[in-house]
Amino acid sequence: MKKTILILSVLVFLASGCGNKKDKTTFDLTTFPAKWRSLITENGELAANDSPFSVIQITGNSKFIQHNLVKVDETGYDENDFEYEIVKTYQKGDTIVFCLKSVEDFAIDYYFVWLDESRGLGEWTSEYKAEAEIYVVNDRVSEYPIQEKKEKQMTKKIKYYFKANGDRDERKIVFFDDGTVCWGCELGEVRQDETTEYYSEHFDRNCLIVGKLEDYPLFDDFGYILPDWEIFNFRKVNSQMQITNFEANIEEIAKSNIQDINKTCLIFITPEETYEEWVMYRYDRQAQYETMNIKAVDAEKQYLSFTLADGEKIVIDTKKEQNGKIAPTALLYKKGQIPIMISISGESDYGNKIIEEYLQ
């Protein structure tokens, strides 16, 4: 109950933003711990996870850095940093608000609430996360044993979530990674009367099929994810234009064949055919995005690697099709987000609106 109240409190701040000055009080950062480490809940107890985990670091009154760390092997971790300028901080009720600006000049708010100040425990969240995460002051980490990542995953995961809004018989279907479905389920819910009916993936036919007859289309003719899908291939759908085909076994790919993309940018992938037409449009798109201070890079290797805001690393094969038999020739990547696939020849008004929302 306490966690629910705290999360609802955070959501109120999401609606209010940094512009509403009512009931705000100034907050002195010199009294606030400078470094925090994320925790997990293991068998009902708090513990420090060995991978992935994140560290929040505040430098003076000016810098807010989130380090996301993912264990590569026994020799060390792959670290991805998200650095922000602290524009201002204030307190409203029990919540401390950090108004931040990234190097790409987009604004983001982080929110903090003490859970147990005497134990150095607090909850952090941002406007991009619906649920708060528990952190501990860094010099108290030793009080929480490190839990090594388990090899076996005992619970099934949600691979797809379908919610047909607007239908008279509103349909909600959870598709699990073991091939089963849960009819009428909300996210995070698995009912005891869950059906034993199975689904199958048919990307050649652009659909999932439940049982033998009922099909659920995935993409439109432009490769946009259809609006009814809220989770696609284990990941939340934040943009209809986001790509969906990721490499499952990253550890089997030689690191020398992976190109790390770690900044917001436009990515050009040279096609095997229609090169002359593509290269003409390439310079149009490059000039278009330069007006938005977004630089262009070329895909120089077969595999591209991106780190998401929660520290997860995704890898794509540039030679594989995306979103319904479409070979991508241009991607747009906003740091921390799944890249979206754009048309090299330009977008419709609807497509440009989706891109604008993605960059915001």
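**Group meeting talk: a sheet, two cores and a hairpin**

Let me start with helix α2, residues 275-290, which lies across β22 (265-268), β23 and β26 and runs at about 175 degrees to β22. Before I go further, please keep in mind that what you see is a predicted model, and that each value I quote is computed from it.

The strands under that helix belong to an open sheet of four strands, in the order β23-β22-β26-β27, and the pairing within it is mixed. At the edges stand β23 (296-298) and β27 (340-341), each of which has a single partner strand, so one side of each is left without a neighbour in the sheet. If we follow the sheet towards β27, we find that strand β26, residues 330-333, pairs with β27 in the antiparallel sense over two bridges, and that Leu331 has Met341 in β27 as its bridge partner. A second helix, α3 (residues 349-359), lies across β26 and β27, and it runs at about 35 degrees to β26.

To set this in context, the protein has three helices and 27 strands. Of its 360 residues, 44% are buried, and its accessible surface comes to about 20,100 Å², with 48% of that belonging to carbon and sulfur atoms. If one takes the contacts between residues at least 6 apart in sequence, 49% of them join residues at least 24 apart.

Now to the interior. Which residues have the most contacts inside the largest nonpolar core? That core has 30 residues, and the ones with the most contacts inside it are Ile267, Phe306, Leu331, Leu332 and Ile342. The elements that give two or more residues to this core are β22, α2, β24 (303-307), β25 (313-317), β26, β27 and α3, and you will recognise several of those names from the sheet and helices I have just described. As for Phe306, if we leave aside residues up to four places away in sequence, Phe306 touches Ile261, Ile267, Glu312, Lys313, Ile314, Ile316, Tyr333 and Pro339.

Apart from this core lies another one, of 19 residues, which includes Phe27, Trp36, Tyr84 and Phe112. Two of those residues, Trp36 and Phe112, bring me to the aromatic side chains.

The structure holds 33 aromatic pairs. In one of them, the rings of Trp36 and Phe112 have their centres 4.9 Å apart and their planes at 55 degrees, so the pair is tilted. This pair links distant parts of the chain, since Trp36 is in strand β2 (residues 35-38) and Phe112 in strand β9 (residues 107-116), 76 residues apart. Trp36 is buried, with a relative accessible area of 0%, and Phe112 is buried with a relative accessible area of 0%. Phe112 also pairs with Trp124: the ring centres are 5.0 Å apart and the planes at 55 degrees, so this pair is tilted. Here the link is between strand β9 and strand β10 (residues 121-126), where Trp124 sits, twelve residues from Phe112. Phe112 and Trp124 are both buried. Taken together, Phe27, Phe32, Trp36, Phe64, Tyr84, Phe98, Tyr110, Phe112, Trp114 and Trp124 form one aromatic cluster.

Finally, let me turn to the region around β17. Strands β16 and β17 pair in the antiparallel sense over four bridges, with His202 standing opposite Cys207 in β17. The two strands form a hairpin with four residues between them, and in the turn Asn206 has a positive phi of about 60 degrees. On which side chains does β17 carry its buried faces? Cys207 and Ile209 point one way from β17, Leu208 and Val210 point the other way, and all are buried. β17 is also joined to strand β18 (residues 214-217) by four bridges, with the two running antiparallel, and there the bridge partner of Leu208 is Tyr216 in β18.

The loop between β16 (199-202) and β17 (207-210) is also the place of Asp204. Is Asp204 buried or exposed? At 54% relative accessibility, Asp204 counts as exposed, because the cut-off for that word is over 50%. The C-alpha atoms of Asp204 and Lys325 are separated by 7.7 Å, although these residues are 121 residues apart along the chain.

Technical notes. Residues are numbered from 1 along each chain as its sequence is written. This is a predicted model: local features need pLDDT of at least 70, side-chain atom pairs count only at pLDDT 80 or more; totals for chains, interfaces and linings use all residues. Side-chain values use heavy atoms; hydrogens and water are left out. Two strands pair if DSSP finds at least two bridges between them. Contact means heavy atoms within 4.5 Å. Axes are lines fitted to C-alpha atoms, for helices over the stretch in contact, and angles run from 0 to 180 degrees between N-to-C directions. Buried means under 20% relative accessible area, exposed over 50%, partly exposed in between (1.4 Å probe, protein chains only). Accessible areas come from the Shrake-Rupley method with a 1.4 Å probe; for residues, only the protein chains shown count as cover. A nonpolar core is a set of buried Ala, Val, Leu, Ile, Met, Phe, Trp, Tyr and Cys residues joined through side-chain atoms within 4.5 Å. Rings of Phe, Tyr and Trp (its six-membered ring) pair if their centres lie within 6.5 Å; planes under 30 degrees apart count as stacked, over 60 as edge-to-face and the rest as tilted.
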